[in-house]
Amino acid sequence: SGSAARRRAYLGLGSNLGDRWAHLAGAVASLPDVVAVSPVYETDPVGGPPGQGAFLNAVVELDTTLGPYELLAAARRAEEAAARVRLERWGPRTLDVDVLLVGTATVDDPPELVVPHPRMWERAFVVVPLADLAPDLVAAHPAARELLAAA
């Protein structure tokens, strides 16, 4: 049963409102096909309004047959379960789930979905936990290597 190919996918998680640990744990529990979770890192917000609290960030690795849009739907369900409210770009949030990579798939459908995530290699809060799970992927990306060296 099931002829769809399995692929590695990576989702980025972040929370800086409410019970941040509970929001991340709830997201991990709700996501399909999770095979690994990075350590959790506390980071300062990047962009957005001043005065936000620090984020907890992690990356989740999936071994899945789901495609990018199906994973986006799972991400949105996790955000809704955490009562995510989208008031302003890069504003504080209970939970942010970003589709980073889905095997070798590419999607260019902004603003709905862009895969690989367009800013992932510029952000230490993504690159550092991703390197914990997939050092080969990070090592293959020069900008990510530099970011990792600086982090």
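Here are four short exercises with worked solutions on the structure above.

The model is predicted, so local features need pLDDT of at least 70 and side-chain atom pairs count only at pLDDT 80 or more, while totals for chains, interfaces and linings use all residues. Residues are numbered from 1 along each chain as its sequence is written, and side-chain values use heavy atoms, with hydrogens and water left out.

**Exercise 1. Which strands pair with strand 1, and in what sense?**

Step 1: Find the strand. Strands (E, at least two residues) and helices (H or I, at least four) are DSSP runs, numbered from the N terminus. Strand 1 covers residues 7–15.

Step 2: Look for partners. Two strands pair if DSSP finds at least two bridges between them. Strand 4 (residues 55–64) pairs with strand 1 in the antiparallel sense, over nine bridges. Strand 5 (residues 96–102) also pairs with strand 1 in the antiparallel sense, over six bridges.

Step 3: Pick out single bridges. Serine 15 has leucine 56 as its bridge partner in strand 4, and glycine 12 has aspartate 98 in strand 5.

Step 4: Check how covered the strand is. Buried means under 20% relative accessible area, exposed means over 50%, and partly exposed lies in between (1.4 Å probe, protein chains only). Seven of the nine residues of strand 1 are buried.

**Exercise 2. Which salt bridges join arginine 6 and arginine 8 to their partners?**

Step 1: Recall the rule. A salt bridge is a side-chain nitrogen of Lys or Arg within 4 Å of a carboxyl oxygen of Asp or Glu. The whole structure holds five of them.

Step 2: Take arginine 6. Its salt bridge is with aspartate 63, and the closest N and O atoms are 3.5 Å apart. Arginine 6 lies in the segment before strand 1 and aspartate 63 in strand 4, so this pair ties together parts that are 57 residues apart in sequence. Aspartate 63 is partly exposed, at 23% relative accessible area.

Step 3: Take arginine 8. Its side chain meets that of glutamate 61 in a salt bridge of 2.7 Å, N to O. Because arginine 8 is in strand 1 and glutamate 61 in strand 4, the pair links parts 53 residues apart in sequence.

Step 4: Compare the two ends. Arginine 8 is partly exposed at 41% relative accessibility, whereas glutamate 61 is buried at 9%.

**Exercise 3. Where does asparagine 16 lie, and is it buried or exposed?**

Step 1: Locate the residue. Asparagine 16 sits in the loop between strand 1 and helix 1 (20–30).

Step 2: Apply the cut-off. Asparagine 16 counts as buried because its relative accessibility is 7%.

Step 3: List polar contacts, meaning N or O atoms within 3.5 Å; within protein, one must be able to donate a hydrogen and the other to accept it, and residues adjacent in sequence count only if both atoms are side-chain atoms. The side chain of asparagine 16 makes one with the side chain of glutamine 52 (3.0 Å). A polar atom of the asparagine 16 side chain also lies 2.8 Å from the backbone nitrogen of arginine 93.

Step 4: Follow arginine 93. Arginine 93 forms a salt bridge with aspartate 96, with closest N and O atoms 3.6 Å apart. Both of these residues are buried.

**Exercise 4. Which side chain makes a polar contact with that of tyrosine 41?**

Step 1: Place tyrosine 41. This residue is in strand 3 (residues 41–43).

Step 2: Find the partner. The side chains of tyrosine 41 and aspartate 132 share a polar contact of 2.5 Å.
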